[in-house]
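Reader: Before I take any label in this description on trust, could you go through the reasoning behind the labels with me, one at a time?

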Amino acid sequence: MTASKHLIALLKSHIARDDDQFLSIAMQVAAHEARKGHGQVAQQLRELVDQARSGKVEHSRRPVPIAQPKGDLAALVAVSFSDTRLKSMALPDELEQRLKRVIVEQRQQHKILERGLEPRRKLLLVGPPGSGKTMTASALAGELHLPLFTVIFDTLITRFMGETASKLRIIFEAMLKTRGVYFFDEFDAIGSRRSERNDVGEIRRVLNSFLQFLEKDDSGSLILAATNHVELLDPALFRRFDDVIQYELPDEDVTLKILQTRLLGFDTDKVSWSRAVELTSGLSQAEISRAADEAVKRAILTDRTNITNEDLSASIRERRSAVHK
Ligand SMILES: Nc1ncnc2c1ncn2[C@@H]1O[C@H](COP(=O)(O)OP(=O)(O)OP(=O)(O)O)[C@@H](O)[C@H]1O
Ligand SMILES: [Mg+2]
């Protein structure tokens, strides 16, 4: 490869935020320099790559200073840095494929953009409470190494009555400046509060401005909105998203995967999985995770390293009665 080809490859991997690719190209450059007899340059490059590789973990945990919201923005969004991965989620195949497609399109967006096309990045997540919508926002931010900015719609509407449209503008402007995952949680505030007399006008205004901003937005940021009440949302809304992603209560496979992942590291030889799965029927992914955690607590507080059917069934029943209160 020539120097300019190397430079192009470096830039492409930078745009795709692909650190491994970036560093392996740098190593190719080092090898190239060594072949040309530039030993010192080659050595310096290798040392820098080593340094980057050894410092990578620490570096990725450090908050990116530019992403810390300042001024007005600070009151509107909460920023976090996620290390959640898609593989820590138990997902039905189809849903997993859809999320993977978002990640692949983002990671290789240069190929798509070069062709004048757009990678998917405006997503509406729809599904019952506790089915993994917020966790998905975290997992996408984690996989793409992007900061996660969470906007609580309900707070936005109640706290800034009358000025929500101008506050939304601030958020959409931030998307241009700082690439990230912008997560509008409790998006149903727009739909479900429509019946409250005083809010109707305001909510309609907010919805309309959100749709306009969403349509106009050409930042590279991911825009995610989550809702429990799809039936309350205006059909006009769906068209503005690149994808509407549906979440359901867990099937048996997903339930089993959540239980087994949460109980990893404990002796579960005596557990009847089919019975545990049966007992969880109707519970959400969040409730099942909590039940598994409670079973773990029962074991560790009695100094055991094994989980029994009794640990699990008692914890699941407890969750069930908490939910149905
Ligand atoms: N698919 C999943 N795989 C593994 N754990 C999950 C999954 N979905 C949810 N959980 C667990 O449940 C917790 C709560 O889920 P999450 O907050 O993502 O639900 P949600 O859909 O956003 O709910 P809500 O509508 O109430 O905001 C997660 O932090 C995680 O521990
Ligand atoms: Mg949520």
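**Reasoning from the values**

Author: Apart from its neighbours within four places in sequence, Arg 179 has contacts with Leu 146, Gly 220 and Ser 221. Please keep in mind that this is a predicted model. Arg 179 itself sits in the loop that runs between helix H9 (164–177) and strand E4 (181–185).

Reader: Why is Arg 179 called partly exposed?

Author: Arg 179 has 16 other C-beta atoms within 10 Å, and a residue is buried at 20 or more and exposed at 12 or fewer. The count for Arg 179 falls in between, so the residue is called partly exposed.

Reader: How do you know that His 145 and Asp 303 do not share one label?

Author: His 145, in the loop between H7 and strand E3 (148–152), has 14 C-beta neighbours inside 10 Å and therefore counts as partly exposed. Asp 303, in the loop between H15 and H16, has 6 such neighbours inside 10 Å, and because the limit for exposed is 12 or fewer, Asp 303 counts as exposed.

Reader: What makes the phi of His 145 worth a remark?

Author: Most residues other than glycine have a negative phi. The phi of His 145, however, is positive, near 55°, and for Asp 303, the residue that follows H15, phi is also positive and near 55°.

Reader: How do you know that the length of H15 agrees with what is expected of a helix?

Author: The expected span is 1.5 Å times one less than the number of residues, so the 17 residues of H15 should span 24 Å, and the end C-alpha atoms of H15 are indeed 24 Å apart. The reasoning for H16 runs in parallel: its 15 residues should span 21 Å, and its end C-alpha atoms are 21 Å apart, which agrees.

Reader: What makes the buried residues of H16 a face of the helix?

Author: The buried residues of H16 are Asp 311, Leu 312, Ser 315, Ile 316 and Arg 319. Seen down the axis of H16, these buried residues fall within an arc of 115°, so they line one face of the helix. On the other side of H16, Glu 310, Arg 317 and Ser 321 are exposed.

Reader: What covers the buried residues of H16, and what covers those of H15?

Author: The cover over the buried residues of H16 includes helix H14 (273–279) and H15. In H15, the buried residues are Gln 285, Glu 287, Ile 288, Ser 289, Ala 291, Ala 292 and Ala 295, and their cover includes helix H13 (252–262) and helix H16 (309–323).

Reader: Which residues come nearest to ligand 1, and which domains supply its shell?

Author: Of the 16 residues around ligand 1, those that come nearest are Pro 129, Gly 132, Thr 134, Gln 285 and Ala 286. Domain 2 (65–246) and domain 3 (252–323) each give at least three residues to the shell, while helix H7 (133–144) and helix H15 (285–301) each supply at least two.

Reader: How many residues of that shell are nonpolar, polar and charged?

Author: The shell around ligand 1 divides into 7 nonpolar, 8 polar and 1 charged.

Reader: Where does domain 1 stand in relation to domain 3?

Author: The chain is divided into domain 1 (3–59), domain 2 (65–246) and domain 3 (252–323), and the centres of domain 1 and domain 3, taken over C-alpha atoms, are separated by 47 Å.

Notes:
Residues are numbered from 1 along each chain as its sequence is written. Chains are lettered from A and ligands numbered from 1 in the order in which they are written. This is a predicted model: local features need pLDDT of at least 70, side-chain atom pairs count only at pLDDT 80 or more; totals for chains, interfaces and linings use all residues. Helices (H or I, at least four residues) and strands (E, at least two) are DSSP runs, numbered from the N terminus. Two residues are in contact if their C-beta atoms, placed from the backbone, lie within 7 Å. A residue is near a molecule or strand if its C-beta atom, placed from the backbone, lies within 6 Å of it. Ala, Val, Leu, Ile, Met, Phe, Trp, Tyr, Cys and Pro count as nonpolar, Asp, Glu, Lys and Arg as charged, and the others, Gly among them, as polar. Domain bounds come from an automatic or database domain assignment. The arc is that of the directions from the helix axis to the C-beta atoms.
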